[in-house]
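Biologist: I would like to go through the aromatic contacts and the surface of a model. Please take one feature at a time.

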Amino acid sequence: MTFQEIFKSSFLDNVASVSLLDMVLALALAFGIGLFILLVYKKTFSGVMYSSSFGVTLVALTMITTMVILAVTSNVVLSLGMVGALSIVRFRTAVKEPLDLAFLFWAIAVGIVLAAGMIPLAVFGSLIIGLILLVFVNRKSHVNPYIVVLQCGDGEAEAQARALLEASTRRCAVKSKTVREGLVELNLDVRLRDGDTGFVNALAGLEGVRSAVLVSYNGDYLG
């Protein structure tokens, strides 16, 4: 029995199920759109530390998904086996930013659409999604949020500091308050008037106020 006879019933019959031209074209387009996704990710990244490995993952994930879907669409039996194999895969890496999850789904979706032969949908859909992300993620708010951290010696100093803040800012809301013996610490969410930060100097000059710190943040607060 020859090698060809052994695999004739299944293996060799599937070698030409996907043409070489289709494979090259699909993977090349997946690589190109994956680079576009990576570019949009870099332009819209607003976290603390950029991860280059995550950017490479977006390109690789687009190409890998394309390759898997090409194999699945060429053989019905293989598609059933692939579903069973992928069902046991578990990913332990935590996605810290919700926007990162959107980029992951975008890469997977492009791979699926390309392998299905819907090239215009993959190309124009990616352009539209990228444009929307660039516009909305990079849109700067006209009123930036700030946190004021106050340390006061007593309740009277706290009342004076809050009155000054309410008079000097557009908005002032208490986010957290910690009281210890001889110390009152406040975290307040404020919106500045015309970018003026002079009120911080006035706060620090109040009697009973030990320190006043102004910190810019992205609007998300855990506390």
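Biologist: Why are Phe103 and Trp106 separated by about one helical turn?

Modeller: Bear in mind that this is a predicted model. Phe103 and Trp106 are three residues apart in helix H5 (residues 98-115), which means about one helical turn between them.

Biologist: How many aromatic pairs does a search of the whole structure find?

Modeller: The search finds five. Planes from 30 to 60 degrees apart count as tilted. The rings of Tyr41 and Phe54 have planes at 50 degrees and centres 5.0 Å apart, so this pair is tilted. Tyr41 belongs to helix H2 (residues 20-44) and Phe54 to helix H3 (residues 52-74); with their positions 13 residues apart, the pair links distant parts of the chain.

Biologist: Are Tyr41 and Phe54 buried or exposed?

Modeller: Tyr41 and Phe54 are both buried. Phe103 and Trp106 also form a tilted aromatic pair, at 5.8 Å centre to centre with 35 degrees between the planes. Both of these residues, Phe103 and Trp106, are buried.

Biologist: Which residues form one aromatic cluster?

Modeller: The cluster consists of Phe36, Tyr41, Phe45, Phe54, Phe103 and Trp106.

Biologist: Turning to the surface, which residues make the nonpolar patch?

Modeller: Ile128, Leu131, Ile132, Val135 and Phe136 make a nonpolar surface patch of about 520 Å². One of these residues, Ile132, lies in helix H6 (residues 119-137).

Biologist: Why is Ile132 classed as partly exposed?

Modeller: The partly exposed class lies between 20% and 50% relative accessible area. Ile132 is partly exposed because its relative accessible area is 45%.

Note on methods: Residues are numbered from 1 along each chain as its sequence is written. This is a predicted model: local features need pLDDT of at least 70, side-chain atom pairs count only at pLDDT 80 or more; totals for chains, interfaces and linings use all residues. Side-chain values use heavy atoms; hydrogens and water are left out. Patches are made of residues with over 30% relative accessible area and no salt bridge: like charges are joined within 9 Å, nonpolar side chains (Val, Leu, Ile, Met, Phe, Trp, Tyr) within 5 Å. Accessible areas come from the Shrake-Rupley method with a 1.4 Å probe; for residues, only the protein chains shown count as cover. A salt bridge is a side-chain nitrogen of Lys or Arg within 4 Å of a carboxyl oxygen of Asp or Glu. Helices (H or I, at least four residues) and strands (E, at least two) are DSSP runs, numbered from the N terminus. Buried means under 20% relative accessible area, exposed over 50%, partly exposed in between (1.4 Å probe, protein chains only). Rings of Phe, Tyr and Trp (its six-membered ring) pair if their centres lie within 6.5 Å; planes under 30 degrees apart count as stacked, over 60 as edge-to-face and the rest as tilted.
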